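Here are some short exercises on one protein chain. Try each task before reading its solution.

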Amino acid sequence: MNNWSDRVADIESFKVMDLLKRAKELEAQGHDVVHMCAGEPDFATPAPIAGAGIAAIKDGHTHYTPAAGIPSLREAIAGFYQQRYGLNIPAERIIVTAGASGALLMVFATLANPGQTFMMADPGYPCNPRFLRLLEARGQLVPVEAADNYQLTPALIEQHWQANTAGVLLASPSNPTGSVVPREQLELIAQTVKSKGGQLVVDELYHGLTYGFDATSVLSVDQDAFVLNSFSKYFGMTGWRLGWTVVPESAAADIERLAQNLFISPSTIAQHAALAAFRPETLEILEQRREIFRERRDLLVNGLRALGFGVPLMPEGGFYVYADASRFTDNTFDFCWQLLEQDKVAVTPGIDFGDYLANRYIRFSYTTGVAQIEKALARLQQRLS
């Protein structure tokens, strides 16, 4: 018998990774698998970023950096906030991290004591409450529906606030629903959380991947909020494992001290590569890809609706469709595994994203090309007919 800790036993598998592992096995056996489960763009990292990474290695940038990141990258991120949002964010408030996961761990470690909870939407990103469990805190999942725009609202926060609630975590755009919190709602939520004495944390990982508009950063309405962001999604740098957090000035030294102890420093090569992420030629590539994602979204949503899946709201951002499959099954976990094993279509069951009505929903990721999306829709049609 292993004497592993209780916290490890409490951490469930990330089901999308289980499905991805099996999909790769089927591919290795020669099967043609359509990948629509992982939240990873199919595009390679843009050439200017990759070139900067190669140059960094050649130039000997392979040693530790300051724990909060190289100053030039922190300044570049600050410049991006000025350019995209019109916000003057001092570079000292920006901490470069080992992926957004590193940022989330340090922010939760700063804000949540053992026994406290952080309120978050159900459905939502599944790893969020597991980070809290590692810290002996807990995720407080609040069911949300299409009528709520799949987001927490000031009324829901008021209704569900508890004596041990430390704060609220929003995701805008959201994984898995693609919903975005409008500026006015962000402002009201920030006011509500402050009135309760809590802290607001906003996951802005999918900023840049909204369609027809730019999402509002919470920093436009609340300079005391903590922001999580990443080079993985919009910038296409998933494997480089680089993110950042913007924190209030009063928290910067504490977050940096955690970074020193937990991570030493982010990847040096990835940081030097990321300096090229904000070049005009890189941003031009990224905006072209953004339009391609929009075309894929429209194709997938229209196709799923035609097949009988419920998609009440057009996803506004990210690259996911959270579709109601209750017309076809009352157990999407088994349904998704059957789709993979029998039809070679990899998608993710709702149970990966929470508890509320989870067996009714499937997350489809449009991180694959139009031809593959059409192939997946044809295979779904064959199965459902």
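**Exercise 1. Contacts and overall form**

Among contacts between residues at least 6 apart in sequence, what percentage join residues at least 24 apart?

Solution. First, the ground rules. This is a predicted model, in which local features need pLDDT of at least 70, side-chain atom pairs count only at pLDDT 80 or more, and totals for chains, interfaces and linings use all residues. Residues are numbered from 1 along each chain as its sequence is written, and side-chain values use heavy atoms, with hydrogens and water left out.

Next, the term. A contact means heavy atoms within 4.5 Å. The result is 73%.

Now compare the chain with a globule. The radius of gyration is taken over C-alpha atoms, and the globule rule is 2.2 Å times the number of residues to the power 0.38. For 385 residues, a compact globule would come near 21 Å; the chain has 21 Å, so the two agree. Along the principal axes, the C-alpha atoms fill a box of roughly 60 × 55 × 55 Å.

Last, look at burial. Buried means under 20% relative accessible area, exposed means over 50%, and partly exposed lies in between (1.4 Å probe, protein chains only). Of the 385 residues, 55% are buried.

**Exercise 2. Strand β3 and its partner**

State how many residues of β3 are buried, and find its link to β4.

Solution. Begin with the elements. Helices (H or I, at least four residues) and strands (E, at least two) are DSSP runs, numbered from the N terminus. The chain has 13 helices and 12 strands. Strand β3 covers residues 117–122. Six of its six residues are buried, so β3 is largely enclosed by the rest of the structure.

Then the pairing. Two strands pair if DSSP finds at least two bridges between them. β3 and β4 (residues 138–143) run parallel, joined by six bridges. Asp122 faces Pro143 of β4.

Asp122 has another feature. A cis peptide bond links Asp122 to Pro123, with omega about 20°. Pro123 sits in the loop between β3 and α6 (127–134).

**Exercise 3. An open sheet**

Which strands stand at the edges of the open sheet of three strands?

Solution. Read the order: β9-β12-β11, with antiparallel pairing. β9 (320–324) and β11 (348–349) are the edges; each has a single partner strand, so one side of each lacks a neighbour in the sheet. β11 meets β12 (residues 361–365) over two bridges, in the antiparallel sense. There, Thr348 stands opposite Arg363 in β12.

Arg363 is also among the residues that Ala38 touches, once those up to four places away in sequence are left out; the others are Val16, Leu20, Ser365 and Thr367. Ala38 lies in the loop between β1 (34–35) and α3 (47–58). Its relative accessibility is 18%, so Ala38 counts as buried.

**Exercise 4. Unusual backbones in loops**

Is Tyr150 buried or exposed?

Solution. Locate Tyr150: the loop between β4 and α7 (154–160). Its phi is near 55°, a positive value in a residue other than glycine. Tyr150 has a relative accessible area of 7%, so it is buried.

Now take Arg241. It lies in the loop between β7 (226–230) and β8 (243–246). Arg241 has a positive phi of about 55°, although it is not a glycine. At 39% relative accessible area, Arg241 is partly exposed.

Finish with a cis bond. Asn175 and Pro176 are joined by one, with omega about 25°. Pro176 is placed in the loop between β5 (165–171) and α8 (183–195).
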